[in-house]
Amino acid sequence: MEDPRQHILPVYRPPEEVFVQGEGAYMFTEDGRRYLDFIAGIAVNALGHAHPAMVDALRDQAGKLWHTSNMFRIKGQEELADKICRDTFADRVFFTNSGTEAIECAIKAARKYHWAAGNPDRIDIITFTGAFHGRSLGGINAGGNPKYLEGFGPKLPGFVHLEWGDHDALKAALAAATTAAVLVEPVQGEGGVRAMPEQCLKGLRELCDQHGVLLMFDEVQCGMGRTGKLWGYQWAADVAPDVIAAAKGIGGGFPFGACLMIEAVAEPMQPGSHGSTYGGNPLAMAVGNAVWDIISNEEFLANVRRVSGTLAQGLKSLADSHPDKVDGVTGKGLLTGLRLKADPKNLQTLCRDEGLLVGVAGNNVLRLAPPLIIDDTQVRDAVSMIDAALTEWTL
Ligand SMILES: Cc1ncc(COP(=O)(O)O)c(C=O)c1O
């Protein structure tokens, strides 16, 4: 039999199931099997599948106007940028089609900021082990993961990778005359669902201020309510970044991202300095406005924090009852997981056999990133399916 995937570039190895329908926190295969979705397209479907507000917004816009390019004003962009700047530290927003592009915009804006200030040598972006910033050449060089760089030519200059937690190296790098910005995920996703301690985020802000270095948060995975605050960094008191790269949850499943920045960083980004044909298109903006109105609401975020507590308790009980297989619970809010004593790939399959979709991440982590609309019953169902899978799992 011919492989139906024979013409697809084989950079992924998906399982056999084909999903054709989604409803809230559930997905259904073409033969009608139901799965509880605890990975949400890797932290994307923040409002679950087929949320009526998103469906209505998209349907309505689809009948009106799809694309004009940024040659013309796009009303939905203006509305969403106003809301974002009303609710966050930001003064300006650039809309993209993905997280990687939001990161590219952040890196370019950081360099341009220093260039415009008469410091063209300040080009280095500091990042940390375990980082993931996307798959463009800029993204893989920022991330610094050798696995993702291999075979793709020389490493680009202008990226400095530091060991997570090496404060002396960080202080030295921040004092260097070539440093432009620090780029960090407040909660690392791919790298092992690892939250940066709140006092480190605060210390980072202080050090950046001391040395005139920009602080940029990659909130592509941990932002948009995923940790129970609008942004993951907001768990640290009195910290605000200069730039945020956002994506995933901001579109709830419609592909788009955003680069948020303060006015001083935005100022040198004048006409012609950056652009995108599709970024901020009317369809994305229609969905984005609907998603923002729901997720930026404090009551919605409070419920994410509450249900996160139920999940944390459940995961703790799994760690207690499977000490031979589980090392601990990791992450924050609904970007969480179990640190395991072996590669979790088989456990992921066993969870799927139970009817639960989960992800994996670095450092042997079984990654959970359910839709933010899950309820306590669904959390308890997920925990009992992981329990059954763990019982069956052999290391
Ligand atoms: C923290 C982080 N940054 C950037 C990206 C890249 O986003 P995208 O895949 O939308 O380009 C991802 C994707 O997983 C991510 O988790």
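Which residues have the most contacts inside the largest nonpolar core? The legends below take up that question first and then move to other parts of this predicted model.

**Close-up 1. The largest nonpolar core of the predicted model has 118 residues.** Here are the residues to look for: A106, A110, L214, V243 and C259 are those with the most contacts inside this core. Both domains take part, as domain 1 (19–49 + 299–392) and domain 2 (65–295) each give the core at least three residues. As background, nonpolar side chains in soluble globular proteins tend to be buried together.

**Close-up 2. C259 and the residues that C259 touches.** Leaving aside residues up to four places away in sequence, C259 touches V93, F94, T96, A102, C105, A106, A109, V243 and A245. Two names from the first view return here: A106 and V243 are among the contacts of C259, and both are also among the residues with the most contacts inside the core.

**Close-up 3. Helix α4, residues 99–116.** Is α4 mostly covered or mostly uncovered? Mostly covered: of its 18 residues, 15 are buried. You can check the length of α4 too: at 1.5 Å a residue, its 18 residues should span 26 Å, and the end C-alpha atoms lie 26 Å apart, so the two values agree. After the helix comes G118, with a positive phi near 85°.

**Close-up 4. The shell of 15 residues around the ligand.** The closest of these are G99, T100, G134, V220 and Q221. Helix α4 appears again in this view, giving the most to the shell, with three residues. By type, the shell holds five nonpolar, seven polar and three charged residues.

**Close-up 5. Where domain 1 meets domain 2.** The domain assignment places residues 19–49 + 299–392 in domain 1 and residues 65–295 in domain 2. Their C-alpha centres are 27 Å apart, and the contact takes 26 residues from each of the two domains. On the domain 1 side, at least two residues apiece come from α1 (40–43), α11 (298–321), β13 (326–332), β14 (335–340) and β17 (365–368). The largest share, five residues, belongs to α11. This side of domain 1 consists of 13 nonpolar, ten polar and three charged residues.

**Close-up 6. G272, in the loop between α9 (263–266) and α10 (282–295).** Is G272 buried or exposed? G272 is exposed, because 6 other C-beta atoms lie within 10 Å, and a residue counts as exposed at 12 or fewer. The C-alpha atom of G272 is 15 Å from that of A116, although the two residues are 156 places apart along the chain.

Technical notes. Residues numbered from 1 in each chain as written. Predicted model: local features only at pLDDT ≥ 70, side-chain atom pairs only at ≥ 80, totals over all residues. Helix = DSSP H or I, 4+ residues; strand = E, 2+ residues; numbered from the N terminus. Expected span 1.5 Å × (residues − 1). Buried ≥ 20, exposed ≤ 12 C-beta atoms within 10 Å, placed from the backbone. Domains from an automatic or database assignment. Contact = placed C-beta atoms within 7 Å. Nonpolar A, V, L, I, M, F, W, Y, C, P; charged D, E, K, R; others polar. Near = placed C-beta within 6 Å. Core = buried A, V, L, I, M, F, W, Y, C linked by C-beta atoms within 7 Å.
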